[in-house]
Number of protein chains: 2
Amino acid sequence: MLKCTKLVTKLREGKIGLAIIKVGLLGLGNVGSGVVNIFSENTEKIREYIGTEIQVEKVLVRDINKPRLAELDQRILTTDPRDILDNPDIDIVVELMGGIEPAFTYIKQAMENRKHVVTANKAVMATYCKELFETAKANDVEIRFEGSVGGGIPLIDTITNKLAGNRIDGLVGIINGTTNYILTRMSRDGMSFDEALKKAQEKGYAEADPSSDIEGQDAAYKLAILAATAFGLYINPNDIPCEGITKITEAEIRYAAELGYAVKLLATAKNKGGDLEIHVHPAIIPDSHPLAGVNNEFNALLIEGNAVGELMLYGKGAGSLPTGSAVVGDILDIIRMMRQSAKTGSSLAAGRNNLNVVGEDTGSYYIRITVVDKPGVLGVITTTLGKHGISIASVSQRSLGERLVPVIFITHEVEREKLDKGLAELRNYSDVVKEVACILRVESY
Amino acid sequence: MLKCTKLVTKLREGKIGLAIIKVGLLGLGNVGSGVVNIFSENTEKIREYIGTEIQVEKVLVRDINKPRLAELDQRILTTDPRDILDNPDIDIVVELMGGIEPAFTYIKQAMENRKHVVTANKAVMATYCKELFETAKANDVEIRFEGSVGGGIPLIDTITNKLAGNRIDGLVGIINGTTNYILTRMSRDGMSFDEALKKAQEKGYAEADPSSDIEGQDAAYKLAILAATAFGLYINPNDIPCEGITKITEAEIRYAAELGYAVKLLATAKNKGGDLEIHVHPAIIPDSHPLAGVNNEFNALLIEGNAVGELMLYGKGAGSLPTGSAVVGDILDIIRMMRQSAKTGSSLAAGRNNLNVVGEDTGSYYIRITVVDKPGVLGVITTTLGKHGISIASVSQRSLGERLVPVIFITHEVEREKLDKGLAELRNYSDVVKEVACILRVESY
């Protein structure tokens with residue numbers, strides 16, 4: 001049962017005070033520099049916690065001469081991955097390159113060489129977590145990936161270990177900081193989407209090509225990892241129904257605010273009696289919802305467990321030091337685990353998948369329709385929707401003294417299919433109904 | 001180095017699939033029943049997680065015939081603590097009796113008999129955590145206490161393990177659900193303190209004798225535990241400067257709301273360059289502060305780490321199942337640890353105490369003064385305060401057409417001592433200054 005790596009042997013022999021743990025880093029960008037800086041800044045605290053020292057033995061970089069954000073001995077930089085992957089002195093390989101290849105191949109090879117792995121790579125984990133968990137198990141090593149979702153927020157560990165005694169019933173979260181920053185600027189400063197995106201790019205919260213963030217793909221990757229962790233369900237991130245925020249206008253945010261709601265890009269995975277409803281999409285949430293106060297670049301995840309009830313974790317979802325904190329936390333946890341044969345989080349989710357994946361099922365919706373401002377229009381709408389079993393919870397019609405006016409209503413719980421049929425029929429009344437301008441899910445609390 | 005308890009031996013021998021882990025419960029009240037119910041509700045998930053089963057072997061109760069909230073075999077109930085503490089079959093003792101004695105003696109004895117301990121007892125942990133950590137270390141067993149602070153929220157583990165790579169710079173939290181419920185009702189429903197307290201008692205959020213909650217003592221206990229965990233500082237909870245919410249009126253809450261602030265009972269421990277500022281007191285926080293949205297019986301803790309930045313954990317701070325979830329999480333964690341000699345959270349904080357404890361140091365304050373409504377009064381106030389180095393950030397005077405009116409101002413950062421001197425001088429102007437009616441700290445963000 002028990003592992004006997006060189007390190008464990010050293011520890012067992014009571015040489016713990018002497019045994020330095022050697023780490024190899026793949027990548028020295030933003031997060032990699034953060035990890036190196038945390039090690040040097042918090043050396044004493046870390047030494048006290050694990051009872052030994054951690055040494056960064058080798059760092060794989062593309063260009064040895066590039067200026068770095070972290071101070072470290074130039075001699076440990078290398079451009080040859082074998083200096084890390086095949087290095088018998090290295091106990092833990094930390095992958096912080098990003099992108100699927102060559103990161104995936106390196107991670108796999110490291111584990112096959114009996115090295116533990118820590119990664120913050122959401123693309124690799126979302127796409128290959130099942131295979132990587134199996135590789136870890138087969139080689140009796142650990143793989144940890146706290147930094148791949150929610151930056152410094154300990155989401156993976158909380159779901160896997162702290163809530164191990166709970167059945168997880170649902171996850172709803174804001175797990176993309178870029179879109180949350182954009183929506184916050186649109187809401188607070190009345191910026192247009194384009195202005196807010198530009199601001200996000202200036203502040204370094206959005207990349208030059210922002211499509212993965214604003215189209216919801218980044219959130220879908222992270223949601224796939226969370227679903228694997230919470231439900232043992234390995235879903236291809238490309239199969240997750242996904243809608244970004246590019247169609248959200250500042251007007252929509254204002255209308256929603258007037259009704260007491262905030263517009264957020266939500267990642268949702270809910271166990272509905274054996275069906276797993278999973279999707280990424282913009283939604284409106286009431287101001288009293290704990291996620292409504294999550295603004296700017298912050299992330300938060302609301303976890304529903306059958307014992308703990310609602311638990312929310314909130315923090316910085318990205319950045320050199322926050323994500324570095326999660327990576328260092330994983331490294332320290334592995335060191336604790338290396339001393340024994342503890343069963344770890346990474347492989348635990350496996351085999352618990354007895355859920356069917358479904359997209360949007362039933363829900364409450366926010367609908368904005370542009371109509372001709374004349375008597376009887378509201379009657380046409382409510383009667384038509386009523387025929388399709390769509391019941392209206394609240395409605396707000398604005399007379400702006402213009403020919404076309406917005407009607408905004410929020411439905412009670414309804415099947416999405418029924419809603420679509422009702423709205424389709426409504427579009428037939430083209431003399432009064434000019435446009436179904438916006439449909440947003442309502443996330444209640 | 002390695003422990004060789006009977007269970008570890010069983011596990012080492014590969015009998016893991018067969019080895020049932022036996023737990024003894026001290027107490028079967030609210031939380032005890034929750035633990036039993038979680039075990040029976042989530043049996044399969046727990047079995048999968050730890051690879052074996054957990055059996056509640058014996059339960060200490062005062063009265064065997066009392067009706068119980070959990071279904072279990074009457075034959076395992078006992079009124080003799082020795083049936084648990086001296087029982088060679090029991091690996092883990094779970095103390096859920098509450099109160100200091102006999103709980104403390106039982107916990108100590110259990111560890112001396114080489115049993116691991118899980119407790120949710122804030123009074124015992126706040127008062128004796130140092131001694132209990134030492135007893136655990138001396139006997140090579142674990143003690144866990146996640147449920148003693150923040151109910152189901154994994155605060156202790158996050159601070160101890162997940163943020164092990166961080167220097168903790170500060171903790172600010174709402175860690176008493178009773179007072180938060182009362183303040184929420186006063187704020188949302190305009191109830192008086194007495195009405196809200198009565199409501200809290202009806203809902204079971206406050207006890208018949210609510211003094212420990214409303215005077216802040218309960219929060220001080222929990223803060224002492226958090227300070228031990230985050231700063232390795234063992235402080236007598238009675239030495240923590242502590243003020244409850246009994247003096248907060250619904251008027252104060254309304255005035256604060258008009259300025260964009262919420263009134264909350266905050267527990268604070270901040271590392272200010274080697275001084276640990278620690279206290280429990282009502283404060284006002286801006287609506288944009290993440291803690292401002294923590295309402296009703298919910299708890300939340302904002303943790304500031306030098307790498308992770310701000311991290312907030314939010315959830316149910318009490319209750320049978322939420323606290324039961326934390327207790328079960330601790331039991332499962334111990335079982336993972338029992339298989340090896342991992343250094344655990346409980347003893348890690350020891351020896352890191354190089355901080356001086358200080359009370360309120362400098363801060364920004366909300367002050368309400370009742371004055372005679374006549375010209376020049378504001379001038380008297382600002383001049384007097386200015387003389388004492390108290391600079392005013394914002395002021396709001398209300399002319400209500402009455403002789404006496406409130407003046408509310410918020411100061412910039414100032415030493416508490418200076419503030420008190422300034423206010424003392426102000427009281428001398430008794431012809432215009434009728435009362436310094438309220439002083440609240442402002443917790444900024």
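Domain bounds here come from an automatic or database domain assignment.

**View 1. The domains of chain A.** Welcome to this predicted model; a good place to start is with chain A, which is divided into three parts: domain 1 (6-152 + 321-348), domain 2 (155-315) and domain 3 (362-442). Look for domain 1 of chain A and domain 3 of chain A, whose C-alpha centres lie 54 Å apart.

**View 2. Two copies and how they are related.** Now bring chain B into the picture. A turn of 180° and a shift of 0.0 Å along the axis lay chain B on chain A with an RMSD of 0.0 Å. The two copies are therefore related as by a two-fold rotation axis. Both copies use the same surface, since 100% of the contact residues of chain B recur in chain A.

**View 3. The side of chain B that touches chain A.** In this contact, chain B contributes 53 residues and chain A contributes 53 residues. On the chain B side, the elements giving two or more residues are α2 (30-41), α3 (43-50), α7 (155-162), β11 (309-316) and α13 (320-338). Of these, α13(B) gives the most, with nine residues. By character, the residues on this side of chain B comprise 21 nonpolar, 18 polar and 14 charged.

**View 4. A strand from each chain, side by side.** Here we zoom in on strand β11 (residues 309-316) of chain A, which is joined to β11(B) by five bridges. The two strands run antiparallel. To find your bearings, pick out A:Y314, which stands opposite B:M312 in β11(B).

Conventions. Residues numbered from 1 in each chain as written. Chains lettered and ligands numbered in written order. Predicted model: local features only at pLDDT ≥ 70, side-chain atom pairs only at ≥ 80, totals over all residues. Contact = placed C-beta atoms within 7 Å. Helix = DSSP H or I, 4+ residues; strand = E, 2+ residues; numbered from the N terminus. Nonpolar A, V, L, I, M, F, W, Y, C, P; charged D, E, K, R; others polar. Pairing = 2+ DSSP bridges. Least-squares fit on C-alpha atoms with pLDDT ≥ 70 in both.
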